[in-house]
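Open the structure in your viewer and keep the selection tool at hand. The tour below goes stop by stop, saying what to select and what is there.

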Amino acid sequence: MELYSDDYFMNEALKEARKAFQAHEVPVGAVVVANNKIIARAHNYTERLNDVTAHAEMQAITSAANYIGGKYLNDCTLYVTLEPCIMCAGALHWTHITKIVYGASDEKRGYTQIGRNVLHPKTLVSKGILGHECSVLLKDFFQTKRKI
């Protein structure tokens, strides 16, 4: 795998998603990259924090903004294992993030389901990167929950 490729960084996001799985959180992971360097890592914390807004993307946005020392994520890329929901897409709009790369599509709650683009007009999107691996992790998680 080529260093600094979309696959490389999505694998890093998958590591975060696996941490969420182990913590009994929905396994979504995210990393924010600037200049080929990971500046933020996050995964879902909604159960642990008892906070419906504690999605991986929201946690990553906050961490990256703290790292940069500002609210805008210009020249940054978010790698996230699941298509952002409308809440996260709205927050990403305000960050002016340059690019979003996601793995699995979310046919029920993904931002693309609302029929219009809520992201910043200059934000580039790439989807399906390691999509199979991201989807399998989510399916495994929910199958495990159904057995309990």
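Is R41 buried, partly exposed or exposed? Select R41: at 39% relative accessibility, R41 counts as partly exposed. Keep in mind throughout that this is a predicted model.

**Stop 1: from R41 to helix α1**

Keep R41 selected and add E12. The two side chains meet in a salt bridge, with 2.6 Å from N to O. E12 belongs to helix α1 and R41 to strand β2 (residues 37-43), so this pair ties together parts that are 29 residues apart in sequence. The partners sit in unlike surroundings: E12 is buried, with a relative accessible area of 7%, whereas R41 is partly exposed.

Next, select E16 and K19. Their closest N and O atoms are 2.9 Å apart, and the two residues form a salt bridge. Both are in helix α1, three residues apart, which is about one turn of the helix. E16 is buried, at a relative accessible area of 4%, while K19 is partly exposed, at 45%.

Now select E12, K15, E16, K19 and R41 together. These residues are linked in a network of salt bridges.

**Stop 2: the start of helix α1**

Select D6 and K99. Here the side chains of K99 and D6 meet in another salt bridge, at 3.9 Å from N to O. D6 lies in helix α1 (residues 6-22) and K99 in strand β4 (residues 99-104), so the pair ties together parts that are 93 residues apart in sequence. K99 is partly exposed, with a relative accessible area of 23%, and D6 is partly exposed with a relative accessible area of 23% as well. In the whole structure, a search finds five salt bridges.

**Stop 3: helix α1 beside helix α5**

Show α1 and helix α5 (residues 131-147). Their axes come within 11 Å and cross at roughly 5°. With that angle, α1 is roughly parallel to α5. To see the contact, select M10, L14, A17, R18 and F21 on α1, then E133, C134, L137, D140, F141 and T144 on α5. What kinds of residue make up this contact of α1 with α5? Seven are nonpolar, one is polar and three are charged.

Zoom in on L137, which is found in helix α5. At 13% relative accessibility, L137 counts as buried. Apart from neighbours within four places in sequence, L137 is in contact with L14, A17, R18, F21 and P27. Measure from the C-alpha atom of L137 to that of A17: the separation is 8.1 Å, although the two residues are 120 residues apart along the chain.

**Stop 4: strand β3**

Move to T77, in strand β3 (residues 76-82). T77 counts as buried, at 15% relative accessibility. Leaving aside neighbours within four places in sequence, T77 is in contact with V31, V32, V33, I97, K99 and V101. K99, in that list, is also the salt-bridge partner of D6 from an earlier stop.

**Stop 5: the cysteines**

How many disulfides does a search of the whole structure find? The search finds zero. Select C76, which is in no disulfide; the nearest cysteine sulfur, that of C88, is 17 Å away. C76 is buried, with a relative accessible area of 1%. Then select C88, also in no disulfide, where the nearest cysteine sulfur is that of C85, 3.7 Å away. A disulfide needs the sulfur atoms within 2.5 Å, so the 3.7 Å between C88 and C85 does not qualify. C88 is buried too, with a relative accessible area of 0%.

**Stop 6: two loop residues**

Finish with two residues picked out by their backbone angles. Select N35, in the loop between β1 (29-34) and β2. Phi of N35 is near 50°, a positive value in a residue other than glycine. N35 is exposed, with a relative accessible area of 75%.

The other is D75, in the loop between α3 (56-68) and β3. D75 has a positive phi of about 60°, although it is not a glycine. With a relative accessible area of 62%, D75 is exposed.

Terms used:
Residues numbered from 1 in each chain as written. Predicted model: local features only at pLDDT ≥ 70, side-chain atom pairs only at ≥ 80, totals over all residues. Heavy atoms only, no water. Salt bridge = Lys/Arg side-chain N within 4 Å of Asp/Glu carboxyl O. Helix = DSSP H or I, 4+ residues; strand = E, 2+ residues; numbered from the N terminus. Buried < 20%, exposed > 50% of the residue type's maximum accessible area, 1.4 Å probe, protein only. Axes fitted to C-alpha atoms, helices over the stretch in contact; angles between N-to-C directions. Parallel < 35°, antiparallel > 145°, perpendicular 65-115°, else oblique. Contact = heavy atoms within 4.5 Å. Nonpolar A, V, L, I, M, F, W, Y, C, P; charged D, E, K, R; others polar.
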